[in-house]
Amino acid sequence: MPAAKTTVPVFKSPFDYMVVLPSQRVIEGLLPDFKTLSQISARGVIATAPGDEADFVSRCFFPQSGIDEDPVTGSSHCCLTPYWSQKLGKTEMNAYQASPRGGAIRVRLDGDRVKLAGHAVTVLRGELLV
């Protein structure tokens, strides 16, 4: 039996497509085709849904930039926060990026700015020589 077709909202930011899916379970079960995603005319695709414990969840795919799936990205939350703020009627929310590594991000909509908080992992240290 063929899979049932479902229509979901898709939005385009200046950089990415954002696809709103029905549940965290759907987000976690995504099996993206990175070759196909690398051919779209955008930096990448952000998939998001209401969260089970967080206010919203997401996964971010940027194969055009050499990153099939970003483990936890702040830039996507600058797009996601205004959307979920309007949907949920909140300016402060808990987000979870459901990548294999995963990560929790506290987001706050402050006027036309998005403020992010959470725990970070240092992956590189350097010094600029001028």
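In the predicted model, ring pairs link Phe 11, Phe 56, Tyr 83 and Trp 84 into a cluster. The structure holds 4 aromatic pairs. In one of them, the ring centres of Phe 11 and Tyr 83 are 5.4 Å apart and the planes meet at 55 degrees, so this pair is classed as tilted. Phe 11 belongs to strand 1 (residues 10-12) and Tyr 83 to helix 3 (residues 74-88); the pair therefore ties together parts that are 72 residues apart in sequence. The two partners are covered to unlike extents: Phe 11 has a relative accessibility of 37% and counts as partly exposed, whereas Tyr 83 is buried at 14%. A further tilted aromatic pair is formed by Phe 34 and Phe 61, with 6.1 Å from centre to centre and 55 degrees between the planes. Here helix 2 (residues 34-37) supplies Phe 34 and strand 4 (residues 56-62) supplies Phe 61, so that parts 27 residues apart in sequence are tied together. Phe 34 counts as partly exposed at 26% relative accessibility, while Phe 61 is buried, with a relative accessible area of 3%.

These elements belong to a chain with 3 helices and 8 strands, arranged along the sequence in the pattern β-β-α-α-β-β-β-α-β-β-β. The radius of gyration is 16 Å, which agrees with the value near 14 Å for a compact globule of 130 residues. Along the principal axes, the C-alpha atoms fill a box of roughly 60 × 35 × 25 Å. Of the 130 residues, 35% count as buried. Among contacts between residues at least 6 apart in sequence, 57% join residues at least 24 apart.

Charged side chains provide additional links, and a search of the whole structure finds 6 salt bridges. One of them joins Asp 55 and Lys 90, with the closest N and O atoms 2.6 Å apart. Asp 55 is placed in the loop between strand 3 (44-50) and strand 4, and Lys 90 in the loop between helix 3 and strand 6 (92-97); the pair thus links distant parts of the chain, 35 residues apart. Asp 55 is buried, with a relative accessible area of 18%, whereas Lys 90 is partly exposed at 35%.

Arg 59 and Glu 69 also meet through their side chains in a salt bridge, at 2.7 Å from N to O. This pair connects strand 4, which contains Arg 59, to strand 5 (residues 67-70), which contains Glu 69, across 10 residues. Arg 59 is buried at 7% relative accessible area, and Glu 69 is buried at 17%. A salt bridge with an N to O distance of 3.1 Å is formed by the side chains of Glu 92 and Arg 106. Glu 92 lies in strand 6 and Arg 106 in strand 7 (residues 103-110), 14 residues apart. In this case Glu 92 is partly exposed at 41%, and Arg 106 is partly exposed at 34%. Salt bridges that share partners join Arg 108, Asp 110 and Lys 115 into one network.

At the surface, the chain exposes about 8,600 Å², of which carbon and sulfur atoms supply 55%. A nonpolar surface patch is formed by Val 121, Val 123 and Leu 124, which together have about 380 Å² of accessible area. Val 123 lies in the segment after strand 8 (113-117). Because its relative accessibility is 72%, Val 123 counts as exposed, the cut-off for that class being over 50%.

Technical notes. Residues are numbered from 1 along each chain as its sequence is written. This is a predicted model: local features need pLDDT of at least 70, side-chain atom pairs count only at pLDDT 80 or more; totals for chains, interfaces and linings use all residues. Side-chain values use heavy atoms; hydrogens and water are left out. Patches are made of residues with over 30% relative accessible area and no salt bridge: like charges are joined within 9 Å, nonpolar side chains (Val, Leu, Ile, Met, Phe, Trp, Tyr) within 5 Å. Accessible areas come from the Shrake-Rupley method with a 1.4 Å probe; for residues, only the protein chains shown count as cover. A salt bridge is a side-chain nitrogen of Lys or Arg within 4 Å of a carboxyl oxygen of Asp or Glu. Helices (H or I, at least four residues) and strands (E, at least two) are DSSP runs, numbered from the N terminus. Buried means under 20% relative accessible area, exposed over 50%, partly exposed in between (1.4 Å probe, protein chains only). The radius of gyration is taken over C-alpha atoms; the globule rule is 2.2 Å times the number of residues to the power 0.38. Contact means heavy atoms within 4.5 Å. Rings of Phe, Tyr and Trp (its six-membered ring) pair if their centres lie within 6.5 Å; planes under 30 degrees apart count as stacked, over 60 as edge-to-face and the rest as tilted.
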